[in-house]
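Work through the exercises below with the sequence and the coordinates open. Each task is followed by its solution in steps.

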Amino acid sequence: KTLILIGMTMQDGAQNGTSMQGDGHAGLRTCSHQVGGHMKKADHTPDTFVDDVGNFYKPFQDVRSAREAAFYQAVWPVPLRCELPPALQRQQGSEEGAAEREHAEVLQGRWGHGEAYGTQQAVPDPRDMEGLRAFVPKYCGLVFLHGRKYLVLKDVCSQYQQPCVLDVKMGFKSHYEWADEKYKAKCRLKDETTLQPSLGFRVCGLQVYQPATDQMHRKDRAWCKTITKERVGEPFHIFAGGGLSAQSLYHDPDHGVLSQLRKVRAWFEAQRSMQFFQASLLFTYEGTARSAAEANVQVHMIDFAHTFPSIGHRDDNVLLGLLSLISILEKC
């Protein structure tokens, strides 16, 4: 069953990167390790939240989020029973929440069917969906906070004290041919301001902990847009600039980024169920560690609002970009 919680209120603290509270014990706060999308237009701060028990809250927007929620439900047919902060648990039992819940309808249905998928409608191979579970965050369901809906996922950074995070948007193009012309033109213009059309990926942002200064070093989207072909390896060297060496972070045979990316590559080489547009690979590790094993290096795939069924074709848009990324990291 989908998790639907209603009736929380957001106080001004959420806007300041502190906490989002209903009765003072909600334990929700702005996600400090958000380095890519979902920023508030007003001040470009993260528009996502985390709680004290390991959950991540992503804003539900429109048909894009409906596709993403349906995708997560296809990957995780039985949503994870997530532990929730006590205040949210109490809200579940409130009469007000129960009354609203009766009228709350989540756009549901099988992923790959309906108007949200245009001409690209198909049933995914269950084996492909199962294979994704190795690198897709676990899904808990949906939550309502002060009239706003969120997707609830497990926070992949919750186990880190100083989370180092790098977001890489994948694919040579971010638009799909069945989109309207205005949307395609917007995507092409955005792509042309980066190296994505030539490399098959672009770095969207990163943060890395520097033990020597006890500071978190960040590079935002604006900085990432300044990267040239001659500097394409720079963000990956910066990302390894904390307690780990590039050799350990990327090349450790058991725990490094490359060993995990090759597993993602193997999945893309085999699958014929899906086409991914504007999806990202998220690299994470513990900034205080001194080895890849201690750092719990992880690679996850995120952002599925523009993921569609494939009619029996391999997703070369992402696969070839992944090969390009692997080739560059092998030189780090």
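**Exercise 1.** Find which residue caps the N-terminal end of helix H5.

Solution. Asp 180 is the cap: one of its side-chain oxygens lies 3.1 Å from the backbone nitrogen of Lys 182. The model is predicted, so local features need pLDDT of at least 70 and side-chain atom pairs 80 or more, while totals for chains, interfaces and linings use all residues. Residues are numbered from 1 along each chain as its sequence is written, and side-chain values use heavy atoms, without hydrogens and water.

**Exercise 2.** Check the span of H5 and sort its residues into buried (under 20% relative accessible area, 1.4 Å probe, protein chains only) and exposed (over 50%).

Solution. Step one: H5 has 12 residues (181-192), which at 1.5 Å a residue should span 16 Å; the end C-alpha atoms are 16 Å apart, in agreement. The expected span is 1.5 Å times one less than the number of residues.
Step two: the buried residues of H5 are Tyr 183, Lys 184, Cys 187 and Asp 191. They cover an arc of only 95° around the axis and therefore sit on the same side of H5.
Step three: Glu 181, Lys 182, Lys 186, Leu 189 and Glu 192 are exposed, on the face turned away from the buried side.
Step four: helix H6 (196-199) is included in what covers the buried residues.

**Exercise 3.** State the strand order of the open sheet and which strands stand at its edges.

Solution. The order is E9-E8-E7-E11-E12, with antiparallel pairing. Strands E9 (215-219) and E12 (298-302) are the edges; each has a single partner strand, so one side of each lacks a neighbour in the sheet.

Technical notes:
Helices (H or I, at least four residues) and strands (E, at least two) are DSSP runs, numbered from the N terminus. The arc is that of the directions from the helix axis to the C-beta atoms. Contact means heavy atoms within 4.5 Å. A polar contact is a pair of N or O atoms within 3.5 Å; within protein, one must be able to donate a hydrogen and the other to accept it, and residues adjacent in sequence count only if both atoms are side-chain atoms. Two strands pair if DSSP finds at least two bridges between them.
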